[in-house]
Amino acid sequence: NENRVHKKIVILGSTGSIGTQTLEIVDTCPENFQVVGLACGGSQLDIFVSQIHKYRPKIVAISDSRKIQMLRDMLQDLDYDCQIGVGERGLVDCASFPESDLVVTGIVGCAGLIPTVAAIKAGKDICLANKETLIAGGPVIAPLVEKHRVHILPADSEHSAIFQCLQGVPGGALSKLILTASGGAFRDTPLEQLPYVTLKDALKHPNWNMGAKITIDSATLMNKGLEVIEAHFLFGTAYDNIQVVVHPQSIIHSMIELCDTSVIAQMGWPDMRLPLLYAMSWPCRLPLPFPSLDLVKVGTLSFKEPDRNKYPCLDLAYGAGKRGGTMPAVLNAANEEAVYRFRNEEISYLEISKVIEYVMDRHENGLFIEQPSLEDILDADQWARKTAREFSPQLPFVMKH
Ligand code: NAD
Ligand code: MG
């Protein structure tokens, strides 16, 4: 089993939460994985440079062209040949690097779309963490995956759980997906308090330690909304057969229901290295020296219906998913921009969903395209970002520090 896993990997977004946890797996299983490429945005060059020294990749890239000279200077004493790239071209070269078998997409946001498409076209399997790419690009990625006969291996914990539950399930037997949600930072905050919550409050996730953008998406439940669309594209399940339940302990990572009403769940401690490892080593299983799940210590597993009034982003995402075409790309871009504006303290927490609704309404009455090309999706993404920046805050704005 484990002797069969020898993969050369490229990590896009190596300095982030997903990227560094992927490298921890490489440290734990060095005989199974070799890092041949690394890429990031460019904001944490010191970490990036130390990764390059440690893993000795053959190709590296950063997206921020203003930092390239600094990177070259920092890499002057590198004692082996390494190709250094920059911008979209650099990321694409990394993603399609001929020697790699698998590309781990740990970039945050739709910035991952073009490199991911390039990786698929180069015949690489994808270990997919970067959900925004699949949500926006679903209509073009699905046919590309088919054409190039690559595998999209989900690293998001819910989708990994579903993927694991599905192993051995005969085609046609799946009837429903049940995605679990922790409930995010505000799961115990009453609706009346939400106008007053701050950025700092939204950045406190009860169960997972992740990048800032996804932590805010968890607080609004947009993360779960995005994951509903991600599940639709990964498993081909109709939206009416994808259910979300709040499960505060985050021990059951998701479930599937089969045609005979049998339900299969996947469990584990909330640790992203587990779904990442499965996506990286599939179809094998590698031994890991991690603590066993202790259900007696967990004690209780509880479930409840998500409160649709408290979490309007969830229904916005179902709406965008069902509408299809360019709408998921618009939902995603409007959300990225709204979260950016919230992190800049330009809008309040409750206005995140208002921005998205505003942009989706305008798209419906404007440039909506049912069967978009990659160009159409990129245009819709840019249009939605611009429109989200036009939204002016309406609620009386009080940020408590
Ligand atoms: P993060 O903010 O910690 O890291 C983001 C990484 O992407 C960094 O390396 C950054 O340099 C790079 N990056 C940012 N903009 C870029 C650009 N334009 N071009 C190239 N690289 C760029 O984010 P994260 O939490 O690791 O999340 C990464 C992705 O994984 C997101 O799509 C997120 O939804 C998904 N995900 C994360 C977790 C988690 O536990 N962190 C869980 C499930 C899914
Ligand atoms: Mg998830």
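Two strands are taken to pair if DSSP finds at least two bridges between them. By this criterion, strand 1 (residues 7-12) and strand 2 (residues 33-40) of the present predicted model are paired in the parallel sense, with six bridges between them. Within this pairing, K7 faces F33 of strand 2.

The pair belongs to a wider arrangement. Seven strands make up an open sheet with parallel pairing, and their order across the sheet is 4-3-2-1-5-6-7. The edges are occupied by strand 4 and strand 7 (152-154); each of these has a single partner strand, and therefore one side of each has no neighbour in the sheet. On average, neighbouring strands of the sheet are turned by 20° against each other, with direction ignored. As a general principle, side chains in a regular strand alternate between the two faces of the sheet.

Towards the edge formed by strand 4, the pairing can be followed residue by residue. Strand 3 (residues 59-62) and strand 4 (residues 83-86) run parallel and are joined by four bridges. I59 has Q83 in strand 4 as its bridge partner. Between these two strands the chain passes through helix 3 (residues 68-74), giving a β-α-β crossover that is right-handed. Another helix is placed against this part of the sheet: helix 2 (residues 45-55) lies across strand 2 and strand 3, and its direction makes an angle of about 155° with strand 2.

The opposite edge strand, strand 7, leads to the metal site. D156 is located in the loop between strand 7 and helix 7 (157-166), while E227 belongs to helix 10 (residues 222-235); the pair therefore ties together parts of the chain that are 71 residues apart in sequence. Both residues are protein donors of the magnesium ion (ligand 2), as is E158, and the distances to the ion are 2.1 to 2.3 Å. D156 contributes through OD, whereas E158 and E227 contribute through OE. Along the sequence, the spacing of these donor residues is D-x1-E-x68-E. Are D156 and E227 buried or exposed, given that buried means under 20% relative accessible area? D156 has a relative accessibility of 7% and so counts as buried. E227 is likewise buried, because its relative accessible area is 1%.

Beyond the metal site, the chain shows several local features of backbone geometry. T261, although not a glycine, has a positive phi of about 75°. This residue sits in the loop between strand 10 (252-258) and strand 11 (263-267), and T261 is exposed, with a relative accessible area of 59%.

The final region to consider carries an annotation. An unreviewed UniProt entry lists residues 267-386 as "domain: DXP reductoisomerase C-terminal". In the model this span is 57% helix and 1% strand, and its end C-alpha atoms are 41 Å apart. Two further backbone features can be located by their flanking helices. The peptide bond from W282 to P283 is cis, with omega near 5°, and P283 is found in the loop between helix 11 (273-281) and helix 12 (295-298). E345 is not a glycine, yet has a positive phi of about 60°. E345 lies in the loop that connects helix 14 (327-343) and helix 15 (351-364), and with a relative accessibility of 31% this residue counts as partly exposed.

Definitions and conventions:
Residues are numbered from 1 along each chain as its sequence is written. Chains are lettered from A and ligands numbered from 1 in the order in which they are written. This is a predicted model: local features need pLDDT of at least 70, side-chain atom pairs count only at pLDDT 80 or more; totals for chains, interfaces and linings use all residues. Side-chain values use heavy atoms; hydrogens and water are left out. A crossover is right-handed if, with the strands pointing away from the viewer, the path from the first strand over the helix to the second runs clockwise. UniProt positions are given in the numbering used here, feature names are shortened, and annotations may be inferred rather than shown by experiment. Axes are lines fitted to C-alpha atoms, for helices over the stretch in contact, and angles run from 0 to 180 degrees between N-to-C directions. Contact means heavy atoms within 4.5 Å. Donors are N, O and S atoms within 2.8 Å of the metal (3.2 Å for Na, K and Ca); water is not among the atoms, so sites may look incomplete. Buried means under 20% relative accessible area, exposed over 50%, partly exposed in between (1.4 Å probe, protein chains only).
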